[in-house]
Each structure stands twice: as structure tokens, then as C-alpha cells.
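Student: I'm new to this one and would like a close look at a single part. Could you walk me through the sheet in chain B and what surrounds it?

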Amino acid sequence: MRFIFKTDYDQDIRIFKHSGYWWSYSVLLLLLAAAPFLLGNYLLSQMVFVFIYATVGVSLLILVGFTGQASLGHAAFLAIGAYTSAYCQQHGIPFVVYFPLAGVLTGIVGVLVGFPALRLQGIYLVIATISFGAIVEEILARWESVTNGNEGLKVRTLDLLGLPVPRDSAGFYFLCLALLIAVILATLNLLRSPTGRAFVAIRDSETAAKSMGIDVAAYKVRSFGISATITGLAGCLYAHKLSFISPEMFTLLLSIEFIIVIIIGGVFSLHGAVLGAIFIVMIDPLLTMLKDDLPGVIGNFASLFGADAPTANHVQDQAAKIASAPGLKGAIYGLIIVGFILFEPTGLYGRWLKIKLFFQTFPLYKAATFKRQKTYVKSERNR
Amino acid sequence: MSFLVAENLSLQFGGLKAVDQVNFSVEKGEIFTIIGPNGAGKTSIFNLISRLYDPTSGQLFFNGEEFTRAPPHKIAKMGIARTFQNIELFDNATVLNNLLVGRHCHATTNVVQEILFLQAVRRAEFEHRHKVEQVIELLDLEPYRDKLISGLPYGVRKVIELARALCSEPKLILLDEPSSGLNVEETDDMSFWIRDIRNELGITVLMVEHDMSLVSRVSDRVLALNYGRELATGTPTQVQGHPEVVAAYLGA
């Protein structure tokens, strides 16, 4: 085990707390830098999606995980970023201008959403953000002069100061990686300064936050603004990655996917956004693979256990029918979320911490280490 | 004018008068206690002072300045800090972060500086931490710095809440039942700390308390309430002997 002897306040402030951080993150960075030259086209493209989802995940963590304001409208923020970029690109505005513009514009919309959201809590806020998403989707479909309606918009190759960056190139991969790293660093900085602590305070007790001099309304709006800005930036890269955007890409389902990212990853740490993004991006090809292969495997099992050929074929057909039933993917997603909330509320990152501690303290690990009491009464009436 | 003044303070919830035409004033450097049976309106007065409730009528003055309609987040900046009856700590944060939130009203940096974590932010953080460490030392909280609140026992949480209030360097501190849920030894510690807060830090204390031995040990003056109305004000012995107070507690 590592015991850190603290002699300096800076030891609690700096991001890399001890040499272990330097080692592990340098190795990770080296691997990520080498990835474009080692991985195939398909995996590289999946990695880009992981980066974009993780960026949105971080933005959602700021709002949901740290400020405690639920949101099912992040697909709409992503859409605003994406459409801003596509529109600007069509009108000859360069990337270096419309990339920040996508962030700023989405941030402004985020602030505007934040104001009515001040009066709402919990489930009502969820409903309000769902409605916001629906409104944006509708606007995208109807405002044809800008968005080209349901026909969608084509997004041309990204042009970085005269240098073309195709969507499946190593350059685009590094661009997405750079955005993710910048966003994570910015968020870490925020979390170790008064604003981040104010967010956490609002999440845990609004009453106490008020009495400590935190302007709850202002900080909630700020949280919405920052979160939307990051999502807008991610939206810009998302549009370029897809090369074609249309309103039905930014539905409630996408917002739910983003929420899944942080629930599965873990809502209390930024690691969660990245782990959750890896999970959500990789589960899709995994499910597709299962859908193709599983019926055959089941059929083989059937004949292994003594079923004759027609019965085995029948079983295989039935399995294939179930596997290709519409809505099955959604049901599996739902089961996964429910499972995580019930059995591992701290997500993949929480599980990882437990595994790490098991080896650090072996053979003295106790499962009860992570049990927490949750039931001191809070004065709800002051809300 | 006195340090904290409440003039004809009233708070009505529909037909219920939680606080009814209460007048009191707290002098600088005093330990002033509000007592009364359950539902007498003690915590309501605290919530009026920390501006979580809007008074129906009446006025509040602090340091000669009226703050009857000030927004709640301005109160800490004015120099009034408080604790809560049912502990209101930030459960999923470390003790250190809880105490640093107490420093929020002294925050000088803006969001852009913080996102870039400029030198100014780092310097400010050092300063906040230094103040927090002084409070940690005063209240013997050294073993808990990096612990999450959700894993700490009730007695320790109570002290941390006091510490968080002190971190904002208040001029007036409102303590809502500082000894509730504490054992005899912890209550003794609390009574020493309350005196230290006044004597060494020069902070005026306004508290709500049920433990009469603690009240008579530390308070300079006591205000007794019942059904939102003022029964008596005076030294602890005067108030304890007041016939109406006796009647309110024992039933006439």
C-alpha cells in the first residue's frame, strides 16, 4: 500500500497526486498516441466515437453528477453544436471560427434552458429537459431554410486552416482526443476551485449551500451553460464524424444513451464518463455480433443435448426471431441500467476502485469498506 | 444600535403564527440563547435571519444595516454563518471540501480563471486552506480531513458543521441546537468551544438550545418563546424563574 506523507497544501491541490499517476497516465497517453498506427480503421473509428461520447459524458457529469441537475436534453445540445457547424461550414466560415462558435452558441442556449430549470427539481426537471429536446428536434425538422428539414445536411471534410482532416484519418482521431483531454483538464480545474465545490454543495444540500453564501440560481445556470458549451463543441466534431446530420439522429434515445454513459461509468468521477463511453460504443457491435452468432450457437447446443435436426433448426429459427425482434436493443439497455443502479450504483469506476483496493490490501479486504450510511434526515421543507 | 436587532418580527404560514411580533437585540460579543418548547418558533427565527424564509412583517438589522429582504446567499458575505438542527453537510464530499465550501463567501476568482487554474486561483486556494487548517486545529478535526462525511459518526458531523460555519470567518454565528444528539462529554466539549468562539475569535453567538445546563453555563442572556410569542428575556436565572416560562414548560 502507498501512504502519502503530506507536508504541503499543494499535495491536495495538484491533479497528479503522486508518482503513480504520472506513470499510469504517461503509459495511457503513449498507447493512445500509438493507437492510429496499430489499430485498424474500424476500431479507430470506434475510438473516435468513444472520445466524443466521453466528452459529452464529462459535460453531463458536471451537470448531473456534480451539480445534481438531471438532464435528458443533451442530444439537443449536441444537435445545436452539430447544426451550427454544418450551417457555418456551408456558408464558408472556417473551422477555427465555427468550432468555438458551436460551443458558445450551445452554451447560450444552455443558459436559457437553465433559467426555467431553476424552479424545477428531480423528475420535473427531467420532464422539462425532455420537452426541450423534443422542441429542438421539431425546430430542426421545420426550420428548413437553415437545417434543410428532414432531408438533413451534408457536412464536408473538416478543413483546419487549409489542412483537410478527413473523418477517418489519424488527424481527426487526435483532434477528438485533444478535445477530450482539454475538457477533462478544464473540468478537473473547475472541481478543485470554488465553482466546482459550489456545484457539489448544491447537489448535496441546497439549503446549506445558500447559507454558505452560494448563489444557487447563478451556479445552476452556470452549470447548465458550461455543460452545454462542452456538448456543443463535441457536437461540432460529431457532425464531421458522421458527415451527414438529420433531426432523427438527435432524439431522446441519444440523450438516454448519454445518461447511460455516466450511470454505467459511475457518476462520482470523471473516469466514469470515459469508461461508460467505452462501454456504450462497444456494446453496439457486440450486440450485433451476438445477434448474428447467438442463434447458431443455441441451435448447436440444442443438437448437442440430443435434439434432432429439424427441432434444432426450429430452435435456431426461434432464437433468430427473438434476436431480431424490434426494440430488443432498448430492452437490453434498460436491463443494463437497472442492473447497474441496483447492484453497482457507483458504476464501472466504482467496481474498478474495489478491485484495486482488493489487491492493495490483500488479504485484508473487507466488502463492508464501501458501505455507507445514507439516512440522516435532511430538512426537505426548506427547499 | 445593537449588533443584531429583530423588530416586530412575524412569520405566518396561513393561519398559523410561527413567529408573532418578536423583538430582541443581540449585543456584540454576547452569547444569546433562544429557548422554548417544541414548535415555539426558534428555528423559524433562525430561518428568518438566514433569509430562507421571508418574514410576514417586521424588520431585521445587522450592524445597523437592514437585511429583511436580502437574498439568502448575501447573508454569509455580511458575516452571519449558521449550523442546522438536522445536520446539513455535503455528504458525498470530504471534510476538507466541506470546510472549503465554508470559505465560498470569500472567493475572489471567476470561472474563466478557475478553468485555467491560474496562479491567482492557486494562491487563493492556499489562503482558503490556511484558514481552514486554523479551524481544524481549533476543533481537533485533524484525523478526519480526507474522510467522506457519509462515513462519519453523528457527533463528529456536528463539530464539522460548526467548523464549516467558522470557516466563513463570521461576525455572528447562529447555532441551531449545537448539543442535540451529543453525549455528555461531547456536550462539555461543545460548551468550551462555544465560549472559545466568543472569547478568542470574538464572534457573537446566537443559539437555540434545549439543554438547560448548557444554556446556563454559556449564555449571557436568554430569550424564551412559546407559540411564536416572546415570554421573557434576561439572564439564564431570571428566565428560568419566570412564572410564564415555568408554565410553558411544565403546563400551568
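Student: In which sense do strand S3 and strand S8 of chain B pair, and over how many bridges?

Tutor: Quick housekeeping before we dive in. This is a predicted model, where local features need pLDDT of at least 70, side-chain atom pairs count only at pLDDT 80 or more, and totals for chains, interfaces and linings use all residues. Residues are numbered from 1 along each chain as its sequence is written, while chains are lettered from A and ligands numbered from 1 in the order in which they are written.

Now, your two strands. S3 (residues 31–35) and S8 (residues 204–208) of chain B pair in the parallel sense, over four bridges. (Strands are DSSP runs of E, at least two residues, and helices are runs of H or I, at least four, numbered from the N terminus; strands pair if DSSP finds at least two bridges between them.) To find the spot, look for B:Ile31, which stands opposite B:Val205 in S8(B).

Zoom out a bit and you'll see an open sheet of six strands in chain B, in the order S6-S7-S8-S3-S9-S10 and with mixed pairing. At its edges sit S6 (80–82) and S10 (229–234) of chain B, each pairing on one side only. Going from one strand to the next, the twist averages 15°. Helix H10 (residues 243–250) of chain B packs on this sheet, touching S9 (221–226) and S10 of chain B. The direction of H10(B) makes about 125° with that of S10(B). (Axes are lines fitted to C-alpha atoms, for helices over the stretch in contact, and angles run from 0 to 180 degrees between N-to-C directions.)

What about the chain as a whole? Chain B is divided into domain 1 (1–79 + 170–252) and domain 2 (90–168), with bounds from an automatic or database domain assignment. The centres of these two domains of chain B, taken over C-alpha atoms, are 26 Å apart. Where they touch, ten residues come from domain 1 of chain B and nine from domain 2 of chain B; contact means C-beta atoms, placed from the backbone, within 7 Å. On the domain 1 side of chain B, the elements giving two or more residues are helix H2 (72–78) and helix H7 (184–199) of chain B. The largest share of that side, three residues, is from H7(B).

Finally, chain B has a partner: their contact takes 33 residues from chain A and 39 residues from chain B. On the chain A side, helix H9 (194–204) is among the elements giving two or more residues, and H9(A) gives the most, with seven residues.

Methods:
Two residues are in contact if their C-beta atoms, placed from the backbone, lie within 7 Å.
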